[in-house]
Amino acid sequence: MSSIAQRLELVRERIRKAADAAGRLPTNIHLLAVCKTVPAALIREAYVAGQHAFGENYVQEASEKIIALADLRQNLEWHFIGPLQSNKTKEVATLFDWVHSIDRLKIAQRLSVQRLNEPQLRPLQVCVQVNLSGEITKGGVAPNEVAELCDLVAQLPAICLRGLMTIPAPSANPAIQALACAQLRQCFTELATTRLGNLAYAHFDTLSMGMSDDLEAAIAEGSTLVRIGTAIFGQRN
Ligand SMILES: *Cc1c(COP(=O)(O)O)cnc(C)c1O
């Protein structure tokens with residue numbers, strides 16, 4: 001099996017190629033290494049190989065690893081990307097730099113209040129999660145509710161609204177992958193253009209889409225942040 005450093009380099013190469021093919025700058029596409037189920041020692045290995053942004057889905061698991069990697073904290077960016085319940089918001093507001101999975105105002109309000117109690121931390125950077133497939137088991141707001149939720153979230157004092165995120169229904173068909181990504185981009189572009197000049201949207205620059213199997217489609221459709229687990233750390237059990 002190849003090392004994490006080698007796998008990381010292969011992912012970076014895929015990003016470069018996809019960016020080239022789309023006529024985009026690879027530096028405009030950020031790589032988030034998704035490390036759910038991955039032990040802290042392997043995250044450290046990825047860090048040594050130059051990876052500094054990591055995504056986690058479960059609060060309990062993440063907090064143990066964030067503590068285990070506390071010596072690197074200043075150089076790490078932790079992103080929460082999983083479903084978030086009210087009783088976990090305090091830990092997330094304390095431990096993380098980003099949250100990609102905002103789909104209810106109440107959760108964002110709690111995060112803001114709790115983040116205000118950490119004046120040494122900069123505002124929490126958040127994306128609103130959009131559910132494009134309509135699968136009720138998945139998190140995310142319906143496309144027709146995105147604008148209203150974004151307008152409210154953007155007003156919260158300790159929150160900085162950065163963009164939109166989606167988890168498309170899995171498909172090996174590049175045309176279907178591209179369609180979901182194009183839908184999120186349309187949502188994003190519509191909001192960005194209608195809120196132009198609105199200060200609450202001054203940092204609205206992030207399209208969080210693309211995973212190990214669809215990163216090429218996502219980059220072709222404008223992704224600025226791909227969330228990659230399996231292609232870096234291998235198959236999860
Ligand atoms: C697990 C996960 C990923 C990474 O998926 P891979 O297919 O392993 O690259 C990305 N985003 C979210 C929200 C995830 O839960």
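What covers the buried residues of α5? In this predicted model, a good place to begin is the helix itself. Helix α5 runs over residues 105-116, so to speak a stretch of 12 residues, and reaches 17 Å from its first C-alpha to its last, close to the 16 Å expected at 1.5 Å a residue. Its buried residues are Ile107, Ala108, Leu111, Ser112, Gln114 and Arg115. The cover over them includes two helices, α4 and α6 (146-153), together with the strands β4, β5 (124-130) and β6 (159-166).

From Arg115 we can step across to Asp97, since Arg115 is among the residues that Asp97 contacts. Asp97 lies in the loop that links α4 (89-95) to β4 (98-102). Is Asp97 buried or exposed? Its relative accessibility is 15%, and because buried means under 20%, Asp97 counts as buried. Its side chain makes a polar contact with the side chain of Arg73 at 3.0 Å, and also reaches the backbone nitrogen of Trp78 at 2.8 Å. Beyond its neighbours within four places in sequence, Asp97 also touches Leu76, Glu77, Leu124 and Gln125.

Now turn to another loop, the one between α1 (4-21) and β1 (30-34), where you will find Arg24. The side chain of Arg24 reaches the backbone oxygen of Ile219 at 2.9 Å. Ile219 is also on the list of residues that Arg24 touches, along with Ala19, Ile29, Gly222, Ser223 and Thr224, once residues up to four places away in sequence are set aside. For a sense of scale, the C-alpha atoms of Arg24 and Arg162 are separated by 20 Å, with their positions 138 residues apart along the chain.

Definitions and conventions: Residues are numbered from 1 along each chain as its sequence is written. This is a predicted model: local features need pLDDT of at least 70, side-chain atom pairs count only at pLDDT 80 or more; totals for chains, interfaces and linings use all residues. Side-chain values use heavy atoms; hydrogens and water are left out. Helices (H or I, at least four residues) and strands (E, at least two) are DSSP runs, numbered from the N terminus. Contact means heavy atoms within 4.5 Å. A polar contact is a pair of N or O atoms within 3.5 Å; within protein, one must be able to donate a hydrogen and the other to accept it, and residues adjacent in sequence count only if both atoms are side-chain atoms. Buried means under 20% relative accessible area, exposed over 50%, partly exposed in between (1.4 Å probe, protein chains only). The expected span of a helix is 1.5 Å times one less than its number of residues.
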